[in-house]
Amino acid sequence: MKLETLAIHGGNIVSDSEKPVVQPITLSTTFIHQPESMIYARANNPNRHALEQLLAGLEKGADAAAFSSGNAAGVSVFQALEPGSHLIAPDDMYHGLKNAILSIFKGVLEATFVDMTDLENVEKAFQSNTKLVWIETPSNPLLKITDIRAVAKLAKAKGAMVACDNTFATPVFQNPLDLGADIVMHSSTKYFGGHSDILGGALITKSEDEFWAKVKNVQIGGGAVPSPMDCYYLCRSIKTLPYRMKGHAEHAMVLANFLSNHSAVEKVYYPGLKAHPGHEIAASQMTGFGGVVSFQVKGGAEVADRVISKLKYFINATSLGGVESLIERRAASEGPDTLTPQNLIRVSVGLEHLDDLLEDMENALA
């Protein structure tokens, strides 16, 4: 199946005797004992099974594990590492997972954060106990681009695994497993959910190896799994994912060009722009550049806040990936230890009419 067909049919497993077109929601927490049956909802559920089958297919993986949040998904990879392991991660990455590494795993795991746009930085960060390289590309919120092929090749030579946060790109635009990664992570709250009303996370593996067995043990033993209702709604939302992503990327490209030519804007971050330092690498590993644009206004935090306060259609709220446009001064959300410039604004470009979005932004910047 092509991607658009898989998105619609890949998560529809119907076992009901009446053969409904849409898979029913199975709310039962327990199941009658019989050969090869499901036993308990924490271990498995028909809707979760359908979602995981769909996610594995979209990312061209061997298996998937769904979680109750993106952080729960990412943290499960860190939990599956042996205590004392060292990992390499990007200096610009989702602050929730970075904080988890620095706080929850303090004294358990060692971590080095580097600018992964330079392969030499990654190579220098390797230690004798390095077990994992964590990639996030495009990164949050500076949209840095990491060469997945090159980092994966380096990691394999050093005997380390590679996990890639593919939330911004989605499998519509990027398949890290095809580029050498071992595991792909998603915050399914974002584009998979697509409507800002489902919390979830996911991991997809290239092979069902010993490490994946440990991840699955964390998923089932830890119990941070999504509800049947959440799984059902994610499968439903993913049906439109390929077409939504095309709209998000088209709108983001137009907005990025608009901002690049605006006198009130200092700098624009979007890998679709030829001026972006990672554009060529992004073009070699992505089929589209995503729906997130970041930019710095001329002035400080007060100017950025004032611009945001004047907007009508861009909603001042955290998160991204919904059909509505969301905007925020990212440093304010990340806290006092942030490395993000105080005047940087991150935009999740939605699917409203482009004329309305551009007029709204022009009025706010004027």
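Which residue does the side chain of Lys216 meet in a salt bridge? In this predicted model, the partner is Glu52, with an N to O distance of 4.0 Å. The contact links distant parts of the chain, as Lys216 belongs to helix α8 (residues 210–222) and Glu52 to helix α2 (residues 46–58), 164 residues apart. Glu52 has a relative accessible area of 8% and is therefore classed as buried, the cut-off being under 20%. Helix α2 also contains Leu54, which is buried with a relative accessible area of 0%. Between Leu54 and Tyr40, the separation is 14 residues in sequence and 21 Å in space, taken from C-alpha to C-alpha.

The strands were examined next. An open sheet with mixed pairing is formed by 7 strands, in the order β1-β7-β6-β5-β4-β2-β3. Its edges are occupied by β1 (63–67) and β3 (110–114); each has a single partner strand, so one side of each is left without a neighbour in the sheet. From one strand to the next, the twist averages 20°.

Within this order, strand β5 (residues 161–165) is mostly covered, with 5 of its 5 residues buried. The side chains of β5 are divided between two directions: Met161, Ala163 and Asp165 point one way, whereas Val162 and Cys164 point the other way, and all are buried. Strand β4 (residues 130–136) runs parallel to β5 and is joined to it by 5 bridges. One residue pair in this arrangement is Glu136 with its bridge partner Asp165 in β5. The connection from β4 to β5 passes through helix α6 (residues 148–158), giving a β-α-β crossover that is right-handed. Strand β5 also pairs with strand β6 (residues 183–186), in the parallel sense and over 3 bridges. Here Asp165 stands opposite Met185 in β6. Asp165 is thus a bridge partner of Glu136 and is also placed opposite Met185. Strand β4 is further joined to strand β2 (residues 86–90) by 3 bridges, and these two strands run parallel. In that pairing, Leu87 has Leu132 of β4 as its bridge partner.

An open sheet of 5 strands is also present, with the order β8-β9-β12-β11-β10 and mixed pairing. At its edges stand β8 (265–269) and β10 (315–316), each with a single partner strand, so that one side of each is left without a neighbour in the sheet. Strands β9 (residues 292–297) and β12 (residues 344–348) run antiparallel and are joined by 5 bridges. Phe295 has Ile345 in β12 as its bridge partner.

Charged side-chain contacts were then considered across the model. A search of the whole structure finds 13 salt bridges, including that between Lys216 and Glu52. A further example joins the side chains of Asp115 and Lys144, at 3.7 Å from N to O. Asp115 lies in the loop between β3 and α5 (119–125), and Lys144 in the loop between β4 and α6, so the pair ties together parts that are 29 residues apart in sequence. Asp115 counts as partly exposed at 25% relative accessibility, and Lys144 is likewise partly exposed, with a relative accessible area of 21%.

In helix α13 (residues 330–334), Glu334 and Arg330 are 4 residues apart and are therefore separated by about one helical turn. These two residues form a salt bridge in which the closest N and O atoms are 3.3 Å apart. Both Glu334 and Arg330 are buried. The pair takes part in a network of salt bridges linking Glu328, Arg330, Glu334 and Arg346.

Turning to the surface, a nonpolar patch is formed by Ile25, Leu27, Met229 and Tyr233, with about 340 Å² of accessible area together. Tyr233 lies in helix α9 (residues 228–238). At 32% relative accessibility, Tyr233 counts as partly exposed.

Key: Residues numbered from 1 in each chain as written. Predicted model: local features only at pLDDT ≥ 70, side-chain atom pairs only at ≥ 80, totals over all residues. Heavy atoms only, no water. Buried < 20%, exposed > 50% of the residue type's maximum accessible area, 1.4 Å probe, protein only. Pairing = 2+ DSSP bridges. Right-handed = clockwise from strand over helix to strand, strands pointing away. Patch = residues over 30% accessible without salt bridge, like charges linked within 9 Å, V, L, I, M, F, W, Y side chains within 5 Å. Areas by Shrake-Rupley, 256 points an atom, 1.4 Å probe, with all protein chains shown as cover. Axes fitted to C-alpha atoms, helices over the stretch in contact; angles between N-to-C directions.
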